[in-house]
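Please look over the sequence and the fold shown here. Then read on for a short tour.

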Amino acid sequence: MPEQSTAIDRIRYKETHGKLFVKFRSGGEYVYVGVPGEVHRSFVEAESQGQFFQAEIRDRYPYNRLDDAP
């Protein structure tokens, strides 16, 4: 079972559009577009989600920061 990440709070995925939503413990939430389902599954199952994010997602997929609208 993967350990709880110190950097990542929540991961969500919308398979129909390949959108990966990542919420960080620092408060920011981002959506990454065009992420294959296999990458999402590997991310969720990674021993270190923070390291996986840095190596396999960050700077590899287009992204947008989501507003913290109430």
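This report goes through the strands, the helices, the aromatic rings and the charged side chains.

## The sheet

This is a predicted model. Start with its open sheet of 4 strands. The strand order is E1-E2-E3-E4, and the pairing is antiparallel. Which strands are the edge strands? They are strand E1, residues 8-14, and strand E4, residues 63-65. Each of these two pairs on one side only. Neighbouring strands of the sheet are turned against each other by 20° on average, with direction ignored.

Now take strands E2 and E3. Strand E2 covers residues 19-24, and strand E3 covers residues 29-33. The two run antiparallel, joined by 5 bridges. For Leu-20, the bridge partner in E3 is Tyr-32.

## The helices

Two helices can be placed against these strands. Helix H1 spans residues 37-45 and lies across E1 and E2. Helix H1 runs at about 155° to E1.

Helix H2 spans residues 49-57. Helix H2 lies across E1, E2 and E3, and its angle to E1 is about 50°.

## Aromatic rings

How many aromatic pairs are there? The count comes to 8. Take Tyr-30 and Tyr-32 as an example. Their ring centres are 6.5 Å apart and their planes meet at 40°, so this pair is tilted. The cut-offs explain the label: planes under 30 degrees apart count as stacked, over 60 as edge-to-face, and the rest as tilted. Are these two residues buried or exposed? Both Tyr-30 and Tyr-32 are buried.

The two tyrosines also belong to one aromatic cluster. Its other members are Phe-24, Phe-43, Phe-52, Phe-53 and Tyr-63.

Phe-21 has a charged partner. The charged end of Arg-12 sits over the Phe-21 ring, 4.5 Å from the ring centre.

## Asp-9 and Arg-25

Side chains of opposite charge can pair when their charged atoms come close. The structure holds 3 salt bridges. One of them joins the side chains of Asp-9 and Arg-25, at 3.3 Å from N to O. Asp-9 lies in strand E1, while Arg-25 lies in the loop between E2 and E3, so the pair ties together parts that are 16 residues apart in sequence.

Are these side chains at the surface? Here the accessibility values help. Asp-9 has 41% relative accessibility, so Asp-9 counts as partly exposed. Arg-25 has 37%, so Arg-25 also counts as partly exposed.

## The Glu-29 network

Which residues are linked in a network of salt bridges? They are Arg-10, Arg-12 and Glu-29. Glu-29 forms a salt bridge with Arg-10, and the closest N and O atoms are 3.8 Å apart. Glu-29 lies in strand E3 and Arg-10 in strand E1, so the pair ties together parts that are 19 residues apart in sequence. Glu-29 also meets Arg-12 in a salt bridge, at 3.0 Å from N to O. This pair links distant parts of the chain too: Glu-29 is in strand E3 and Arg-12 in strand E1, 17 residues apart.

Why does Glu-29 count as buried? Its relative accessibility is 13%, and buried means under 20%. Arg-10 has 38% relative accessibility, so Arg-10 counts as partly exposed. Arg-12 is partly exposed as well, with a relative accessible area of 35%.

How values were computed:
Residues are numbered from 1 along each chain as its sequence is written. This is a predicted model: local features need pLDDT of at least 70, side-chain atom pairs count only at pLDDT 80 or more; totals for chains, interfaces and linings use all residues. Side-chain values use heavy atoms; hydrogens and water are left out. Two strands pair if DSSP finds at least two bridges between them. Axes are lines fitted to C-alpha atoms, for helices over the stretch in contact, and angles run from 0 to 180 degrees between N-to-C directions. Contact means heavy atoms within 4.5 Å. Rings of Phe, Tyr and Trp (its six-membered ring) pair if their centres lie within 6.5 Å; planes under 30 degrees apart count as stacked, over 60 as edge-to-face and the rest as tilted. Buried means under 20% relative accessible area, exposed over 50%, partly exposed in between (1.4 Å probe, protein chains only). A charge sits over a ring if NZ of Lys or CZ of Arg is within 6 Å of the ring centre and within 35 degrees of the ring normal. A salt bridge is a side-chain nitrogen of Lys or Arg within 4 Å of a carboxyl oxygen of Asp or Glu.
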